[in-house]
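Reader: I would like to go through this model with you step by step, beginning with how far it can be trusted and moving on to its folding elements and side-chain pairs. Could you take my questions in turn?

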Amino acid sequence: STSTSVSTSVAPSDPGGGSSQVVGGKTVVLLSVFSNDGQPVVQVEVDGQVFNGIGIGETFDGGRYELRSVSGDCATFLYGDESFTLCANSTK
């Protein structure tokens with residue numbers, strides 16, 4: 001797959017591929033989506049701090065972000081009234 005988007009400032013640790021986005025002044029990265037007792041949960045990183053096993057409707061990073069839904073390897077989050085979707089880069 002080829003990408004035509006040009007980014008002027010990309011951090012060396014930026015995983016890219018739609019798995020990270022700067023929201024609320026922090027870099028939010030969807031690390032993985034997995035199942036816990038049949039329920040989808042995510043592992044997400046905010047400015048280098050990793051949050052494990054976040055379920056739908058749960059908040060993280062001091063309540064700043066909320067996991068709204070999960071679809072495949074993608075998850076939709078809420079920051080205030082702003083919704084954003086990230087997709088984990090599946091390397092399996």
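Reader: What is the mean pLDDT of the protein, and over which residues is the pLDDT below 50?
Author: This is a predicted model, and 78% of the residues of the protein reach a pLDDT of 70 or more, with a mean of 85. The stretch whose pLDDT is below 50 has five contacts in the model beyond near neighbours in sequence. The mean is therefore to be read together with that stretch, since pLDDT is the predictor's confidence in each residue. The two values asked for are a mean pLDDT of 85 and, for the stretch below 50, residues 3–16.

Reader: How many helices and how many strands does the secondary structure come to?
Author: Read from the N terminus on, the elements of the protein run β-β-β-β-β-β-β-β. The secondary structure accordingly comes to zero helices and eight strands.

Reader: What share of the residues of the protein counts as buried?
Author: The accessible surface of the protein comes to about 5,700 Å², and 45% of this surface belongs to carbon and sulfur atoms. Among contacts between residues at least 6 apart in sequence, 30% join residues at least 24 apart. Of the 92 residues of the protein, the share that counts as buried is 26%.

Reader: Which cysteines does the disulfide join, and why is this disulfide right-handed?
Author: The structure holds one disulfide, and its S to S distance is 1.9 Å, between Cys-74 and Cys-87. The pair links distant parts of the chain, with Cys-74 in strand 7 and Cys-87 in strand 8, 13 residues apart. Cys-74 is partly exposed at a relative accessible area of 22%, and Cys-87 is partly exposed at 24%. The disulfide joining Cys-74 to Cys-87 is right-handed because the torsion about its S-S bond is about 100 degrees.

Reader: Is Thr-76 buried or exposed, and at what relative accessibility?
Author: Thr-76 lies in strand 7, which covers residues 74–79. Leaving aside neighbours within four places in sequence, Thr-76 is in contact with Glu-66, Leu-67, Arg-68, Ser-69, Ser-83, Phe-84 and Thr-85. Since buried means under 20% relative accessible area, Thr-76 counts as buried, at 19%.

Reader: With which side chain does the side chain of Thr-85 make a polar contact?
Author: Thr-85 has its place in strand 8, residues 82–87, and is partly exposed, with a relative accessible area of 45%. Not counting residues up to four places away in sequence, Thr-85 touches Gly-18, Gln-21, Cys-74, Ala-75 and Thr-76. Ser-71 lies 14 residues from Thr-85 in sequence and 10.0 Å from Thr-85 in space, C-alpha to C-alpha. The polar contact of the Thr-85 side chain, at 3.0 Å, is with the side chain of Thr-76.

Reader: How many salt bridges does a search of the whole structure find?
Author: Side chains of opposite charge can pair when their charged atoms come close. One such pair is Arg-68 with Glu-66, whose side chains meet in a salt bridge at 3.0 Å, N to O, and Arg-68 counts as partly exposed at 44% relative accessibility. A search of the whole structure finds, in total, three salt bridges.

Reader: Which residues are linked in a network of salt bridges?
Author: The side chains of Lys-26 and Asp-61 meet in a salt bridge, 3.0 Å from N to O. Lys-26 lies in strand 2 (residues 26–36) and Asp-61 in the loop between strand 5 (59–60) and strand 6 (65–71), so this pair ties together parts that are 35 residues apart in sequence. Asp-61 also forms a salt bridge with Arg-64, the closest N and O atoms being 3.3 Å apart. The residues linked in the network are thus, given these two pairs, Lys-26, Asp-61 and Arg-64.

Reader: Which relative accessible area does Asp-61 have, and is Asp-61 buried or exposed?
Author: Of the partners of Asp-61 in salt bridges, Lys-26 counts as partly exposed at 23% relative accessibility, and Arg-64 counts as partly exposed at 31%. Asp-61, by contrast, is buried, with a relative accessible area of 11%.

Conventions: Residues numbered from 1 in each chain as written. Predicted model: local features only at pLDDT ≥ 70, side-chain atom pairs only at ≥ 80, totals over all residues. Heavy atoms only, no water. Helix = DSSP H or I, 4+ residues; strand = E, 2+ residues; numbered from the N terminus. Buried < 20%, exposed > 50% of the residue type's maximum accessible area, 1.4 Å probe, protein only. Contact = heavy atoms within 4.5 Å. pLDDT = per-residue confidence, 0-100. Salt bridge = Lys/Arg side-chain N within 4 Å of Asp/Glu carboxyl O. Polar contact = N/O pair within 3.5 Å; in protein donor to acceptor, adjacent residues only side chain to side chain. Disulfide = S-S within 2.5 Å. Areas by Shrake-Rupley, 256 points an atom, 1.4 Å probe, with all protein chains shown as cover.
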